[in-house]
Amino acid sequence: MKKISIIIVMSVVLSSCGEQENKAKGLQETIDRSAAQITEVVGVGKVEPESKIVNLAATSGGIVTQVFKTDGDSVIGGEKLVQLENETERLKISEIRSQMRTQSSQIALEKNNIKDAEAKLSNKKKLLVTTQNLVNKGAETIQVYDDLETDVKTLTLSLEKSKINVQMAESKLQEIAGQLRTAEAEAEKKVLCAPTAGKVLNMQVTQGAALNQYATYAEFAPEGALIIRSEVDELFSQKLKVGQQVSIRYAGSQEVIAKGTIKMLSPYLKKKSLFSEKANDQEDRRVREIRISIQGNPGLVINSKVECVINL
């Protein structure tokens, strides 16, 4: 009797499992048929610069003494954005330049010593030749000749020493010049400039504020076209193709504010990221990221949330 009961229970369980599998299979088929009939897909996106928004970081820390640009200002590459306090760097540069002037004077002095030694040596050599002739004729003593020969040797050594001093002084000058370049580079770090042409979106510092090294001081949009980065549910990911036409509208509105074309498709599916409240939100569905080029100049605002209606 127990065996019969077990068999009946197993039959019921297997029958139930089979029904669930059939229901799941039927549901999937229904979803697939529905997906095949869909002619357009709506994705959520936001407006971004083509080169993305850049967080500008300070190469050096310090107190902000001047802010040259504010939100919405357009700039060219290398244009000043923020000036940090640089009194220490300027004093260092002034000190090094003073050392360079002193060293240049020292080089000039050593070169004059060379000219003086060369002139004296030339005169002594001529006198030595004349004395040699007089000694040969008995008109001068050998002692005078020896003294002149000693003077020639002394002046020769003095000349060589002056030449070495010039070389050392010039090497020292090059060393100081290297210190000047380093000091000027440090001073340049106190001037924060735009990396490229573009627009300041959010200047985050004010005059008198302290700024730490590598801290973000502004959000910056490099010059270039605007695009829309959007995400489409994985269910429709295989239907997306580069070149498909897109109608763009504000979230919750049916009015088309711009037209666009899909220019890039992500090669993989990922978790939803646009407009998510938390980075670690649990998400069952995955999405495919696309990038849409915008036709014309509809005047969209960066970071605007939009809906992208993709014509399949």
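## Basis of the description

Helices (H or I, at least four residues) and strands (E, at least two) are taken here as DSSP runs, numbered from the N terminus, and on that basis Y268 belongs to strand β12, which covers residues 256–271. The model is a predicted one, in which local features need pLDDT of at least 70 and side-chain atom pairs count only at pLDDT 80 or more, while totals for chains, interfaces and linings use all residues. Residues are numbered from 1 along each chain as its sequence is written, and side-chain values use heavy atoms, with hydrogens and water left out.

## Overall composition

The protein contains 3 helices and 14 strands. Of its 312 residues, 29% count as buried, where buried means under 20% relative accessible area, exposed means over 50%, and partly exposed lies in between (1.4 Å probe, protein chains only). The protein exposes about 19,800 Å², of which carbon and sulfur atoms supply 52%; accessible areas come from the Shrake-Rupley method with a 1.4 Å probe, and for residues only the protein chains shown count as cover.

Contacts, defined by heavy atoms within 4.5 Å, can also be sorted by sequence separation. Among the contacts in the protein with a separation of 6 or more, 77% are accounted for by residues 24 or more positions apart.

## Helix α2 and its packing against α3

Helix α2 runs over residues 87–137, and its 51 residues reach 75 Å from the first C-alpha to the last, close to the 75 Å expected at 1.5 Å a residue; the expected span is 1.5 Å times one less than the number of residues. Just after α2, G138 takes a positive phi of about 80 degrees. The buried residues of α2 include E89, I93, I96 and Q103, and further along I107, E110, I114, A117, L121, L128 and T131. Helix α3 (142–188) is included in what covers these buried residues.

Two packed helices are described by the angle between their axes and the distance between the axes. The axes of α2 and α3 come within 7 Å and cross at roughly 165 degrees, which makes α2 roughly antiparallel to α3. Axes are lines fitted to C-alpha atoms, for helices over the stretch in contact, with angles running from 0 to 180 degrees between N-to-C directions; angles under 35 degrees count as roughly parallel, over 145 as roughly antiparallel, 65 to 115 as roughly perpendicular and the rest as oblique. The crossing of α2 and α3 is left-handed, a term that applies if the near helix is turned anticlockwise from the far one by less than a right angle, whereas a clockwise turn makes a crossing right-handed. Within α2, E95 counts as partly exposed at 41% relative accessibility, and its C-alpha is 9.2 Å from that of L180, although E95 and L180 are 85 residues apart in sequence.

## Loop residues with positive phi

Most residues other than glycine have a negative phi, and most peptide bonds are trans. K52, a residue other than glycine, has a positive phi near 70 degrees; K52 lies in the loop between β1 (40–49) and β2 (54–57) and is partly exposed, with a relative accessible area of 40%. N303, which is not a glycine either, has a positive phi of about 80 degrees. The place of N303 is the loop between β13 (286–294) and β14 (305–311), and N303 counts as partly exposed at 42% relative accessibility.

## Pairs distant in sequence

T70, in the loop between β3 (62–67) and β4 (74–75), is partly exposed with a relative accessible area of 45%. Not counting residues up to four places away in sequence, T70 touches V200 and M203, and T70 and A218, 148 residues apart in sequence, are 9.3 Å apart in space, C-alpha to C-alpha.

In strand β12, Y268 is in contact with V287 and R288 when its neighbours within four places in sequence are left aside, while Y268 and E234 are 34 residues apart in sequence and 9.8 Å apart in space, C-alpha to C-alpha. P267 is also placed in β12 and counts as exposed at 79% relative accessibility; P267 and R288 are 21 residues apart in sequence, with a C-alpha to C-alpha distance of 8.0 Å.
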